[in-house]
Amino acid sequence: MNGQAIFIKELTKKYDDVTVVNTVNLSIAKGEIFGLLGPNGAGKTTLLMMLSTLVKPSSGDAFIKDYSIKSQPGKVRSSIGMVFQDPSSDELLSGYENLKLHALMYDVPYKAIDNRIDSVLSLVDLMNRKNDQVKKYSGGMRRRLEIARGLLHEPEVLFLDEPTLGLDPQTREHIWEYIESLAKKTGMTIVVTTHYMEEAQNLCDRVAIIDNGKIIALDTPENLCHQVEGDTIALQGKNLRIEDIKKLDFIKGIETDGDRIILKVVNSGKNLQQILKTVGDIDFIEVHSPDLNDVFLTYTGKQMREGEGGLMEHLRTLTSANHNK
Ligand SMILES: Nc1ncnc2c1ncn2[C@@H]1O[C@H](COP(=O)(O)OP(=O)(O)O)[C@@H](O)[C@H]1O
Ligand SMILES: [Mg+2]
């Protein structure tokens, strides 16, 4: 299908009369790191579960390397690796034992198993912990082990459902580095779901923003951010020369927010000097360039961040904080 790794056509999932994935159309190129970004409940996991043949679509179809998820699920399964949102390794087994069990389930040729295990453990930098029980692993190490497990049968497409959910920011960045180096080393197509904006922005070549089961925007992170109108600069001070500011041609709007003046500015980096010269003495300044949260806000009228910090996620962060040493 024109070199596309994944081609999704009118894919829909309904539970009773609730549509949780709504006529999604999408194609993803070979070797792309593609992000599905959206708040909790947007339908990201359901979409991945359909693509990995674990949930049946209500209508529509999707093709992984030209194999239909509906009529060729076996072929699809051997082409993909899946790393689930919730941890699913056996804590009492070692990293090696977990991987061996999985290799046997996936019919990796018996003689190749040990070599394969060593190679995926090296990819995620866990060779030196191969024989340790998983319960002694940190949160980040467990995620890496699960990524290694998803790679065992050498899939061409890897699905990662919220790969850094509940991990602390530093461990999160490490996982991003592993995913990026994996993409480089293997040329694999990687689809990541996330509700973390920074993850989509830093990691992904292209991002689809998804809300209520629908794709509402799709582009590179840079282009998505450019769709949102200009930068904003918040200022506070006495006797600010607002009338003079209004005359500058790169000022596109002025609002007040309590004691603060909010300027809408074209290219704040270039024009900041001029603004400071014109406005007089200030006590406070804050410059903000659009990010994916602003894109989400523009399209949906609500903040994406509101979806974050649910109780489950808070608990996960607390639990994994103990491991992240
Ligand atoms: N098996 C199911 N039965 C009924 N509703 C479900 C089922 N699985 C998911 N849903 C609902 O579908 C919506 C999307 O869920 P999900 O795909 O898990 O979203 P996300 O991964 O983006 O947080 C949610 O409202 C969820 O409650
Ligand atoms: Mg999910």
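Where does Asp 16 lie? A few friendly notes on this model follow, starting from that point.

1. Asp 16 sits in the loop that links strand S1 (4-15) to strand S2 (18-29). Its phi is near 50°, a positive value in a residue other than glycine. Because just 5 C-beta neighbours fall inside 10 Å, Asp 16 counts as exposed. Please keep in mind throughout that this is a predicted model.

2. On confidence, the mean pLDDT of the protein chain is 89, and 93% of its residues reach 70 or more. Among the elements, strand S4 (residues 59-64) has the highest mean pLDDT, 98, while helix H12 (residues 311-321) has the lowest, 53. Over residues 321-325 pLDDT stays under 50, and for that stretch the model has ten contacts beyond four places in sequence.

3. For the overall picture, the secondary structure of the protein chain comes to twelve helices and 14 strands. Taken along the principal axes, the C-alpha atoms fill a box of roughly 80 × 45 × 35 Å. The protein chain has 325 residues, of which 37% count as buried. If you look at contacts between residues at least 6 apart in sequence, 70% of them join residues at least 24 apart.

4. Which residues are around ligand 1? They are Tyr 15, Val 20, Gly 38, Asn 40, Gly 41, Ala 42, Gly 43, Lys 44, Thr 45 and Thr 46. Helix H1 (residues 44-51) gives the most to this shell, with three residues. Sorted by class, the shell has six polar, three nonpolar and one charged residues.

5. Helix H3 (residues 95-105) has Gly 95, Asn 98, Leu 99, His 102 and Ala 103 as buried residues. Seen down the axis of H3, these fall within an arc of 135°, so they line one face of the helix. The general geometry is helpful here: an α-helix has 3.6 residues a turn, so residues three or four places apart point the same way. On the other side of H3, Leu 104 and Met 105 are exposed. The cover over the buried residues of H3 includes H4 and H5. After H3 comes Asp 107, with a positive phi near 60°.

6. Helix H6 (residues 169-186) passes a simple length check. Its 18 residues, at 1.5 Å a residue, should span 26 Å, and its end C-alpha atoms are 26 Å apart, so the two values agree. Just after H6, Gly 187 takes a positive phi of about 70°.

7. Which residues of H6 are buried? They are Thr 171, Arg 172, Ile 175, Ile 179 and Leu 182. Around the axis they cover an arc of only 105°, which puts them on the same side of H6. Pro 169, Gln 170, Glu 177, Lys 184 and Lys 185 are exposed on the other side of H6. What covers the buried residues of H6 includes helix H4 (113-123), helix H5 (139-151), strand S8 (189-194) and helix H7 (197-203).

8. Is Lys 135 buried or exposed? Lys 135 belongs to the loop between H4 and H5. With 12 other C-beta atoms within 10 Å, Lys 135 is exposed, because the cut-off for that class is 12 or fewer. Setting aside neighbours within four places in sequence, Lys 135 is in contact with Glu 91 and Leu 92. Lys 135 and Glu 91 are 44 residues apart along the chain, yet their C-alpha atoms are separated by 4.7 Å.

9. Lys 238 is another loop lysine, found between strand S11 (231-236) and helix H9 (242-246). Lys 238 counts as exposed because it has 9 C-beta neighbours inside 10 Å. From Lys 238 to Asp 283 is 8.0 Å, C-alpha to C-alpha, with their positions 45 residues apart in sequence counted as the separation.

10. Last, have a look at Glu 154, in the loop between H5 and strand S7 (157-161). Glu 154 is not a glycine, although its phi is positive, at about 50°. Why does Glu 154 count as partly exposed? The reason is that it has 15 C-beta neighbours inside 10 Å, and partly exposed is the class in between 12 or fewer and 20 or more.

Note on methods:
Residues numbered from 1 in each chain as written. Chains lettered and ligands numbered in written order. Predicted model: local features only at pLDDT ≥ 70, side-chain atom pairs only at ≥ 80, totals over all residues. Helix = DSSP H or I, 4+ residues; strand = E, 2+ residues; numbered from the N terminus. Expected span 1.5 Å × (residues − 1). Arc of directions from axis to C-beta. Contact = placed C-beta atoms within 7 Å. Near = placed C-beta within 6 Å. Nonpolar A, V, L, I, M, F, W, Y, C, P; charged D, E, K, R; others polar. pLDDT = per-residue confidence, 0-100.
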